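Please open the model in your viewer and keep the sequence panel at hand. We will go from stop to stop, selecting a few residues at a time.

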Amino acid sequence: MVAPEELGLDSRMVFRREALEALEVMSSGAHALEIDFSSTRSMDSSGLGALIVVQRKAAEYQVSVRLRGLSQELRFLLALTKLEDLFEIDIAEEV
């Protein structure tokens, strides 16, 4: 799935709903929900909250959440908030 250009107050509900729907329809053999952040320019606290909700629901399904295409700013935000360990971060795709 693709994250919005700005993951924040205005887009968090749609993002969360789409991610949770993706988790529900994933095949039983799937190991990770992949979220592409290559087009995402910013994320605020409400966007982080939506991402955490998705991660918790994925954990219930025993599925990890893989983030790819993260900018240095978004990686720094995850590190600053000590949330980076909750996700698989694809460093090779970093922009």
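Start by selecting E60, which is exposed at 60% relative accessibility. The model is predicted, so treat each stop as a look at computed coordinates. Now add K57 to the selection: the side chains of E60 and K57 meet in a salt bridge, with 3.2 Å from N to O. Both residues sit in helix α2, three residues apart, and therefore about one helical turn separates them. Compare their surroundings as you rotate: K57 is partly exposed, with a relative accessible area of 29%, whereas E60 counts as exposed.

Next, step along the chain to Q62, in the loop between α2 (45-60) and β4. Check its backbone: phi is near 60 degrees, a positive value in a residue that is not glycine. Is Q62 buried or exposed? Show the surface and you will find it exposed, with a relative accessible area of 73%.

From the loop, move on to strand β4, residues 64-68. Colour its two faces separately. V65 and L67 make up the covered face, while S64, R66 and R68 belong to the uncovered one.

Which strands pair with β4? Select strand β2, residues 32-36, and you will see that β2 and β4 pair in the parallel sense over five bridges. Across this pairing, E34 stands opposite R66. Now select strand β5, residues 88-90: β4 and β5 run parallel and are joined by three bridges. Here R68 has D90 of β5 standing opposite. To see how the chain gets from β4 to β5, trace helix α3 (residues 72-80), through which it crosses; this β-α-β crossover is right-handed.

While you are on that path, pause at K82 in the loop between α3 and β5. K82 is another non-glycine residue with a positive phi, about 60 degrees. Its relative accessibility is 71%, so it counts as exposed.

Now go back to the strands and show the charged side chains. Side chains of opposite charge can pair when their charged atoms come close. Select D36 and R68: they form a salt bridge, and their closest N and O atoms are 3.6 Å apart. Because D36 lies in strand β2 and R68 in strand β4, this pair ties together parts that are 32 residues apart in sequence. What is the accessibility of each partner? D36 is buried at 13%, and R68 is partly exposed at 25%.

Extend that selection to E34, R66 and E88. Together with D36 and R68, these residues are linked in a network of salt bridges.

For the last stop, select R41 and E5. Their side chains meet in a salt bridge, with 2.1 Å from N to O. R41 lies in the loop between β2 and β3 (42-43) and E5 in the segment before β1 (6-7), so the pair ties together parts 36 residues apart in sequence. R41 is exposed, at 54% relative accessible area, and E5 is partly exposed, at 44%.

If you would like to keep exploring, how many salt bridges does a search of the whole structure find? It finds seven, among them the E60 and K57 pair you selected at the start.

Methods:
Residues numbered from 1 in each chain as written. Predicted model: local features only at pLDDT ≥ 70, side-chain atom pairs only at ≥ 80, totals over all residues. Heavy atoms only, no water. Buried < 20%, exposed > 50% of the residue type's maximum accessible area, 1.4 Å probe, protein only. Helix = DSSP H or I, 4+ residues; strand = E, 2+ residues; numbered from the N terminus. Pairing = 2+ DSSP bridges. Right-handed = clockwise from strand over helix to strand, strands pointing away. Salt bridge = Lys/Arg side-chain N within 4 Å of Asp/Glu carboxyl O.
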